[in-house]
Amino acid sequence: MLTDRESFKKLTAHFDEVKNLHLRELFANDKERGERLSAEAAGLYLDYSKNRVTDETLRLLLALAEDCGLRARIDAMFRGDKINTSEGRAVLHTALRAPRGKSLAAAQVPEAGEPVHQVLDRMRAFANRVRAGEWTGFTGKPIRNIVNIGIGGSDLGPVMAYEALRHYSRRDLTFRFISNVDGTDFCESTRDLNPEETLFIVASKTFTTLETMANAQSAREWTLKALGDPAAIARHFVAVSTAADKVAKFGIDTANMFEFWDWVGGRYSMESAIGLSTMIAIGPEKFDAMLAGSHAMDEHFRTAPLAQNLPVLMGLLTVWYDDFFKAQTVAVLPYDQYLKRFPAYLQQLTMESLGKSVTLSGEKITKYETGAIFWGEPGTNGQHSFYQLIHQGTKLVPCDFIGFRKSLNPLPSPLGNHHDLLMANVFAQSKALAFGKPAPQGQPYREFDGNRPSNTILAEQLTPAILGALVALYEHSVFTQAVIWDINPFDQFGVELGKVLAAEILPSLAKDAPLPNDDSSTVTLLKKYRG
């Protein structure tokens, strides 16, 4: 158990010594702190100086990582070992972005090598045909609308990437994303689209995901209502799946089925065939640049010393606040409107991965915390909603600020350049959180205690490569935390129970169906629903 490790016990004793140190004191005693406590890789600069740590804290955190075998676990992942032990699978999202012939896992998992690039080649060819107007619908009209149907990782990754890289997308093409089984999502997403010009991408590995297939069947009916002939389905639907028989039965030509593998988890899949909508939006070259950005961060994580390793440092700091300060959340605050869906994407990545309470050996975790709650909004919007709690509330909320030196949309203003105004807020907010401000005499409600920790991540500009690096940064930070907590971040059995129960309850919703022999709350709710 983690708490039995000598390195953890030393951290616990150290925490008692430093828990009341203030960032004002740490900076006053070390004039070079802002420069020293920083690291850089793959186009990202990390300032972690505004964290409540000393050099000794960092030394002990790194010793804990060594004690937990982090370096060996990193090597095992890249090598293709079956580190997803509960499902007996390798974990190779890193192989999705390795250059051709450079996959470290290919010797052990052959499909993690050339087969990845064969799928990418097919994706590129298809994306180019759609973008060039060569892929036409059933009536001969070029495709103008692309609708991705998926849920979880088959939706959150593509929609985040599309929004993040919208600046680079084809503006004569419309992109929509349907995930919720609520019919409103489908109706509002298709209301203004012409079926003759609409292509649906159905993303489901097994082609059985209930929400996805319900929406796909509605899309099929919507298309047939307008075009009549079942042969139209093959011109207006493609699949991201491995279930060729079910894809064919649906009416999709299996030549237009793009596969991925069981060693790609849903929340790690946005750079697999799941990213087909992203590739159509921004083009194959920019998609390749995104892969290259992720690969650059992969290589940094794999090879850099732990003390200069961005994902390792961020992961260890999250453990520090979660297990010692008992901070239960992390706020992710991107100061770029294009990253408005990045916090939602990270919610699945972090909370589905780290929401575990059993160790790899099956032991129940009772003595330490796992998995912070990730949340956030783009700045400066958040400043006028929840920042009040972060600054003056009773809860400690570590923050990740994300900013860029250059805007993709520079805009002058009589009040000052928009981007300068934006970035002034990044620096001001992290400074205010760290150092605070004393209250005027007799006005305690104006006091800012400070000592609220944050990281600041800076990059030159939001490009496909930088987005790829950001995604990989947080993926590997999650892995670091999982190794320390001795949990499996690559399964998600907690998602299943609700699905099973929903399938059991569904027949009882019909008005004349017998009510189940169930708990009184469920039975009463069913009666109210049925009327």
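Helices of at least four residues and strands of at least two are DSSP runs, numbered from the N terminus. With that numbering in hand, the predicted model can be explored from its less usual backbone spots to its core.

Most residues other than glycine have a negative phi, and most peptide bonds are trans. A handful of places in this model are worth a look in that light. The peptide bond leading from glycine 379 to threonine 380 is cis, and its omega is near 10 degrees. Threonine 380 sits in the loop that joins strand 9 (373–375) to helix 16 (387–392). Lysine 326, a residue other than glycine, has a positive phi near 60 degrees; its place is the loop between helix 14 (310–323) and strand 8 (329–334). Aspartate 486 likewise has a positive phi, near 60 degrees, and is found in the loop between helix 18 and helix 19 (496–505). With a relative accessible area of 30%, aspartate 486 counts as partly exposed, because that class lies between the buried limit of 20% and the exposed limit of 50%.

The next feature is a sheet. Its 5 strands follow the order 4-3-5-6-7, with parallel pairing, and the sheet is open. Strand 4 (174–178) and strand 7 (257–258) are the edge strands: each has a single partner, so one side of each has no neighbour in the sheet. The partnership of strand 3 (residues 145–149) with strand 4 is parallel and spans 5 bridges. Within this pair, isoleucine 146 has phenylalanine 175 of strand 4 as its bridge partner. Helix 8 (residues 183–190) lies across strand 4 and strand 5 (198–203), and runs at about 170 degrees to strand 4.

Two packed helices are described by the angle between their axes and the distance between the axes. For helix 6 (residues 114–131) and helix 13 (residues 284–303), the axes come within 10 Å and cross at roughly 145 degrees. On the helix 6 side, the meeting residues are Leu120, Met123, Arg124, Ala127, Asn128 and Arg131, while helix 13 brings Pro284, Phe287, Asp288 and Leu291. Sorted by class, this contact has 6 nonpolar, 3 charged and 1 polar residues.

Finally, the largest nonpolar core holds 126 residues, among which Trp263, Phe342 and Tyr474 touch the most other members. Helix 18 (residues 464–485) supplies the largest share of this core, 14 residues. Beyond its neighbours within four places in sequence, tryptophan 263 contacts residues including Ala90, Leu92, His93, Val109 and Glu111. A second, separate core has 21 residues, among them Leu224, Ala239, Ile252 and Met257.

Conventions. Residues numbered from 1 in each chain as written. Predicted model: local features only at pLDDT ≥ 70, side-chain atom pairs only at ≥ 80, totals over all residues. Heavy atoms only, no water. Axes fitted to C-alpha atoms, helices over the stretch in contact; angles between N-to-C directions. Contact = heavy atoms within 4.5 Å. Nonpolar A, V, L, I, M, F, W, Y, C, P; charged D, E, K, R; others polar. Core = buried A, V, L, I, M, F, W, Y, C linked by side-chain atoms within 4.5 Å. Buried < 20%, exposed > 50% of the residue type's maximum accessible area, 1.4 Å probe, protein only. Pairing = 2+ DSSP bridges.
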